[in-house]
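Thanks for coming. I have one structure to go through today, and I will stay with side chains and a few backbone details. Here it is.

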Amino acid sequence: MLDAIIAVTLSAPDLGATARAYEAQLGYRLVERATVSRSLATGWGAKAVKGRDYALLQPASGEPVYLRIVDADEPAPGYAPLRTFGWNANEILVEDPVALAPLLKEPFRIIGEPRPLDFNPNIIAMQVTGPAGEVTYFTRIPPTGSIFNLGSAKSFVDRTFIVVTGGPDVDASRAFYRDVLKMPTTDPAPTKIHVLQDAYGLARDAETRIGIVRFPSGFLIELDQYPPAAVKRPVRRGHLPPGIAMVTFAVKSFDGLKLPWKVKPHIRPEKPYEGRRAGVIVGPAGEWVELVEAERNGQ
């Protein structure tokens, strides 16, 4: 059902500082700065963000995969990176994580130095926390490609290609994406994730069960089973979840679909919807999933 990632939405206590960091340090460019209308806030199921400013950013490559930053006005009490259920990491293609690392400065903070992946040393990844409390993985995939046909960076810092959700039950998460959203998935398997080990004070041999949601090409969703100490993400009434608030995906058509809508689809004029229908559902880890019909006006 899902064809591509369209946007990753951050709920940021300081919109200006967050946008400047992505522009100045990561080469993202501002596509649009606007105010959340009543209609858009209602369309997200987050009426309290009406009147808040937001910025839509695009990578230097020009790829149509956006970062949307919404002004949250203040931090959400009880939220910390990687410690709650929901969307927890945004993985971005880069040309060279080793070269990028010394260029990063506050408000970005490296929590995982660049290193080759155990299962494929040609892939190098670095983990960073950002100004909205988001976690970002910066990953180099060589031009020879990967087993999931994910592509390679077309600019020094390019687009989102993987989003990671953490929840209390990876099997329930897998069932949701497989059975509700009709996506091919892999059996969850144990692996070591150093940033999770560090976030929870776990031993270096501690393992996390992860599953993969496969797309036709270019994108993946990673499903992580979080440790017992993880908690439900605190969300202020009427607001977006803090950190990585929502991920927006393209679908071919809503016709004939029966989904557990949080907000039913409506035509949206704003970027990046461009007159297409969009609606929101919530996954089993509490992750907000926005779906946008590929064709305008359902045609």
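Start with R159 and E63: both of these residues are buried. This is a predicted model, so please hear everything that follows as computed from it. R159 and E63 form a salt bridge, with 3.8 Å between the closest N and O atoms. R159 is in strand β9, while E63 is in the loop between β3 (53-58) and β4 (66-71), so the bridge ties together parts that are 96 residues apart in sequence. K154 comes into this as well: E63, K154 and R159 are linked in a network of salt bridges.

R159 has another partner, an aromatic one. Its charged end sits over the ring of F219, 4.8 Å from the ring centre. F219 in turn belongs to a cluster, in which ring pairs link W87, F215, F219 and F249. There is also a lysine placed over a ring elsewhere: K262 lies over the face of W288, 4.4 Å from the ring centre.

Back to the salt bridges. The count for the structure comes to 15. As background, side chains of opposite charge can pair when their charged atoms come close. D171 and R209 are one such pair, with their side chains meeting at 3.0 Å, N to O. Here helix α4 (residues 170-180) holds D171 and strand β11 (residues 208-214) holds R209, so this salt bridge ties together parts that are 38 residues apart in sequence. Are these two residues buried or partly exposed? D171 counts as partly exposed, at 39% relative accessibility. R209 is also partly exposed, at 32%.

Now a charged residue without a salt bridge. E287 is in the loop between β15 (276-282) and β16 (288-293). What is the nearest side chain of opposite charge to E287? It is R233, and it is 9.0 Å away; E287 is buried yet has no salt bridge. The cut-off for a salt bridge is a side-chain nitrogen of Lys or Arg within 4 Å of a carboxyl oxygen, so R233 at 9.0 Å does not qualify. E287 does have a polar neighbour, since a polar atom of its side chain lies 2.9 Å from the backbone nitrogen of A285. Leaving aside residues up to four places away in sequence, E287 touches G86, W87, T165, Y177, I281 and V282. W87 is the residue we met in the ring cluster with F215, F219 and F249.

On to aromatic pairs. A search of the whole structure finds eight of them. Take Y22 and F108: their ring centres are 5.3 Å apart and the planes are at 80°, so the pair is edge-to-face. This pair links distant parts of the chain, with Y22 in helix α1 (residues 15-26) and F108 in the loop between α3 (97-100) and β6 (109-116), 86 residues apart. Y22 is buried, at a relative accessible area of 1%. F108 is buried too, at 5%.

The loop between α3 and β6 also contains P107. A cis peptide bond joins E106 and P107, with omega at about 10°. Where is the other cis proline I want to show? P272 is in the loop between β14 (261-268) and β15. Its cis bond is with K271, and omega there is about 0°.

That loop between β14 and β15 also holds E274. E274 has a positive phi, near 60°, in a residue other than glycine. The side chain of E274 forms a salt bridge with K271, with the closest N and O atoms 3.5 Å apart. Both partners are at intermediate accessibility: E274 is partly exposed at 32%, and K271 is partly exposed at 33%.

L82 has a positive phi too, about 70°, although it is not a glycine. L82 is in the loop between β4 and β5 (86-94). Unlike the partly exposed E274, L82 is buried, with a relative accessible area of 4%.

Last residue, F148. F148 lies in the loop between β8 (135-140) and β9 (157-167). Which residues does F148 touch, beyond those up to four places away in sequence? They are I212, R214 and L220. As for G78, F148 is 70 residues from it in sequence and 36 Å from it in space, C-alpha to C-alpha.

That is what I have. I will take questions now.

How values were computed:
Residues numbered from 1 in each chain as written. Heavy atoms only, no water. Helix = DSSP H or I, 4+ residues; strand = E, 2+ residues; numbered from the N terminus. Contact = heavy atoms within 4.5 Å. Phe/Tyr/Trp six-rings, centres within 6.5 Å; stacked < 30°, edge-to-face > 60°. Buried < 20%, exposed > 50% of the residue type's maximum accessible area, 1.4 Å probe, protein only. Lys NZ or Arg CZ within 6 Å of the ring centre and 35° of its normal. Lys, Arg positive; Asp, Glu negative; His and termini not counted. Polar contact = N/O pair within 3.5 Å; in protein donor to acceptor, adjacent residues only side chain to side chain.
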